[in-house]
Amino acid sequence: MTQNLDLTDIQGNIVKAYGSSGFFKARYLFLRVDDGDKGRDFVGAITSKVTSANEKLKGDDALTVTTNMAFTYAGLQALELPTASLVGFPSDFVMGMSKRKDILGDDGPSDPKYWDKIWQEKVHIWISINGKTSDVVEERYQWILQQIKATGGVTLLRGHCGEDGNGNAVDDLPYQDASVLYEKDGVTPTAKEHFGYTDGIGDPVFDGQTNNAARVIGRGKLTRSGDWVPLATGEFILGHVDEAMEYPQTAPRPDLLSNNGTYMVYRKLHENVGTFNKFLDEQSKDYPGGKELLAAKFSGRWRDNGAPLVHTPDNESKAEWDKKFAAADDATQKRMLTDFTYNEDISGAKCPFSAHTRRINPRGSLEYGVKDAFHTPGALVDRRRILRRGLPYGKVKDETSDKGNHGIIFMALNADIKRQFEFVQQQWINYANDFKQGNDKEVLLGNHSSKDPGKVVLQVEPGSGKPPHFVNNIPRLVETRGGDYFFIPSIGALKLIAGGLVDPT
Amino acid sequence: MANTSGKATALTVLSPIVNQIIDGKSCADITRERCYRLPIHEKSPLAKVPNTYLARLFVLDNVYYESLTASDSIFNFSEITSIFSDSARLKALPRKDQLKSKYLVFSTNFHGDLDEYLTGMWEKWSYDDNGQQRGVQHIWEHCVAFDGVKDSSSFISYMKRCQLDATLFFNGSTDDSLQEQLKSLYLKQEFSKFAAANQGKSAADLQQAFKVFIEKVQPENLDQPSWVPGQSTP
Ligand code: HEM
């Protein structure tokens, strides 16, 4: 049966992504709670404007700006949640992101000691503003500053790296701005990120999210019959049954505190654009398919339009696909982008095992052709899915340099950080046993080091007589610059927290 | 039960530890501390015992008791019925066993014959313990009747007396001797480096490079170059 979601209780951006509804600008604020009583008053004041999943995001009379709120474990302590509730949170969330660095592979330049200064502070509250224009974001920001003044008891923390109004690099900004990237004209929004890839295509679909069967193709979970069905709601929202037919084990007491809430991974990921461009140029010199095919092999999708490599493994098939894509209507285009699995490419000759999208969502392809190895083809994948809700930040001024502030504010939602996000990061990005690729790390995100530079293998069709291609000396392309783990409560729970009414007995 | 799988042997030894206190410390604690102080990786005494695939050493204090879950909520509906259900639960519980003493557990997977392996343990097990050279006796010293062990043949019969049947094998291993496995691992890694470094070369250049490669890696020479037992980093 289809799940009915309590949309007025669930915070916005969980069920539907703001980014795909025209909210192209965002600002993230981080605060410290200095006084429990006043801090709860502040939470109450913000809650009055917190956006629910029920709000209209598109069309006339739709919202133009949203506000959402979440807490670190230290934040919930500072807001004086009862100990009997606090002890119910999972250890990954209690520890926070920087202490999980060994699991996440945050070493070398990604080590927490090099993160933006704000992460040395006591981060308690996260507030996000997403807007359709910069003006409405600024307006809502001013409103929040007024609430901080009015209630007291909280401090807006400074220490984000970025640029001041004159374009000078600074390291003490009071917020993190994020925005989609624009065409050269500066006004037409794109789905690009700083390496030039088209992003924001694949995201899981869970029960209760949509009634549109076409949206589930390539995004839900793969069944034995080859159909796609929505994932269990409990993989992403607490208080609902998950893929193991259990309630998530990560929910604190009482149910009213945890139900309809979720966990968010916030990560500021710097992109070394100069290194990426140089690396791609150098490596494509010896690569028979040329530069764009090689770039696609790193990601699993072509940079220009996101065409999946599984259906466009070479320049000829890509040209064919492009023609069809250009002529197709919107629904067909969406389908062309998401309707594929890696079971069509079990040797990895089309989409390499170390490509970003294959590592991060293997799409029910970990049976390696063994008939009925698991009870469903996605058994090893369905419990490792994450919802992505981030945006790019910064501008690239010099395509040959890594300097500057630009990357992705990566925000992932899941019911169990350890089982979902951390597992993917540790086992699938930085290790390759599940992909039979030894120690090879994922190309774009792997924590490659100059001491032990990465390599990956681009397989060729078995029996083709061609040699596989090695991509060598992979440098660190993406670096972590900050982040933490947050609990996003339901709106009902925000009110309980604000009122000091959380009662675990 | 089979203690062997192909040419691999699994040995599990449970040696009771003397129930005695020396200078305020139990013999079990003394043994546990000695285990903790064993060096690891290349310096582990087990790296010196020929053909060890994988081994573990620990002190077993007692057996683990597996109960059935009881309801411990403050008050709920099931509480009303718990007077009935809990007596049923208690009746269904498994018997609680106790060990009569603590045990030193040694569990190993190795290549080849048991007697040969145990002889290797007796002769080759050695490590530096804060400047003192220790043999295998140091770990087993406080085990019951170990004072009767004087040479390799009494060691072998002691270990065999404490042996349990073992059927679990380390599956990350092939059937070959440790030396062969380490050499093949080394060759595989070097060969993938070679392939990556020489891709795109002409047949003639490739052949030339391959000759140099073979001279360097000496596939027939099991001693070197290779990984040494216990080696943890390249
Ligand atoms: C700067 C860092 C990153 C870049 C440049 C990047 C880029 C991309 C691109 C180009 C795609 C393909 C478009 C799409 O399918 O939506 C993609 C997909 C995806 N990425 Fe990332 N990504 C980054 C970080 C991450 C991280 C840290 C994770 C999670 C640990 C992640 C998880 C995903 C997932 C789940 C997908 C969808 C895969 C699918 O369902 O097929 N990404 N990313």
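**Exercise 1. How many helices and strands are there in chain A, and is chain A's radius of gyration in line with a compact globule?**

Keep in mind that this is a predicted model.
- Step 1: start with the secondary structure, where chain A has 15 helices and 16 strands.
- Step 2: get the reference value, near 23 Å for a compact globule of 505 residues.
- Step 3: compare, and the 22 Å of chain A agrees with that.
- Step 4: look at the extent, since the C-alpha trace spans about 70 × 55 × 50 Å along its principal axes.
- Step 5: check burial, which takes in 55% of the 505 residues.

**Exercise 2. Run the same check on chain B.**

- Step 1: chain B holds nine helices and nine strands.
- Step 2: the globule rule gives 17 Å for 234 residues, but chain B comes out at 25 Å, well over that, so chain B is more spread out than a compact globule.
- Step 3: the principal-axis spans of its C-alpha trace are about 85 × 55 × 35 Å.
- Step 4: buried residues account for 33% of the 234 residues here.
- Step 5: take the contacts between residues at least 6 apart in sequence; 77% of these in chain B join residues at least 24 apart.

**Exercise 3. Work out the surface and charge bookkeeping for both chains.**

- Step 1: chain A has an accessible surface of about 21,500 Å², with 49% belonging to carbon and sulfur atoms.
- Step 2: chain B exposes about 14,900 Å², and carbon and sulfur atoms supply 54% of that.
- Step 3: chain A carries 62 positive and 68 negative charges, whose mean positions sit 1 Å apart.
- Step 4: chain B has 25 positive and 28 negative side chains, and the centres of those two sets are 2 Å apart.

**Exercise 4. Which protein residue is the donor of the iron atom of the ligand?**

- Step 1: search for protein donor atoms around the iron; the only one is NE2 of A:His356, at 2.1 Å.
- Step 2: place A:His356 in the fold, and you land in helix α13 of chain A, residues 356–360.

**Exercise 5. Is B:Thr12 buried or exposed, and what does B:Thr12 contact?**

- Step 1: locate B:Thr12 in strand β2 of chain B, which covers residues 8–16.
- Step 2: its relative accessible area is 16%; the cut-off for buried is under 20%, so B:Thr12 counts as buried.
- Step 3: skip the neighbours within four places in sequence, and the contacts of B:Thr12 include B:Phe106, B:Cys162 and B:Leu164.
- Step 4: for a distance check, B:Lys48 is 36 residues along the chain from B:Thr12, and their C-alpha atoms are separated by 19 Å.

**Exercise 6. Pick out some unusual backbone geometry.**

- Step 1: recall the baseline: most peptide bonds are trans, and most residues other than glycine have a negative phi.
- Step 2: flag the peptide bond between A:Arg253 and A:Pro254, which is cis with omega about -5°. A:Pro254 belongs to the loop between β9 and α8 of chain A.
- Step 3: flag B:Gln224 to B:Pro225 as well, another cis bond, with omega near -10°. B:Pro225 falls in the segment after α9 of chain B.
- Step 4: turn to phi, where B:His41, not a glycine, has a positive value of about 50°. B:His41 is in the loop between α1 and α2 and is partly exposed at 42% relative accessibility.
- Step 5: finish with B:Ala145, also not a glycine, at a positive phi of about 70°. The loop between α6 and α7 holds B:Ala145, which is partly exposed at 41%.

Definitions and conventions: Residues numbered from 1 in each chain as written. Chains lettered and ligands numbered in written order. Predicted model: local features only at pLDDT ≥ 70, side-chain atom pairs only at ≥ 80, totals over all residues. Heavy atoms only, no water. Helix = DSSP H or I, 4+ residues; strand = E, 2+ residues; numbered from the N terminus. Rg over C-alpha atoms; globule rule 2.2 N^0.38 Å. Buried < 20%, exposed > 50% of the residue type's maximum accessible area, 1.4 Å probe, protein only. Contact = heavy atoms within 4.5 Å. Areas by Shrake-Rupley, 256 points an atom, 1.4 Å probe, with all protein chains shown as cover. Lys, Arg positive; Asp, Glu negative; His and termini not counted. Charge placed at Lys NZ, Arg CZ, Asp CG, Glu CD. Donors = N, O, S within 2.8 Å, 3.2 Å for Na, K, Ca; no water.
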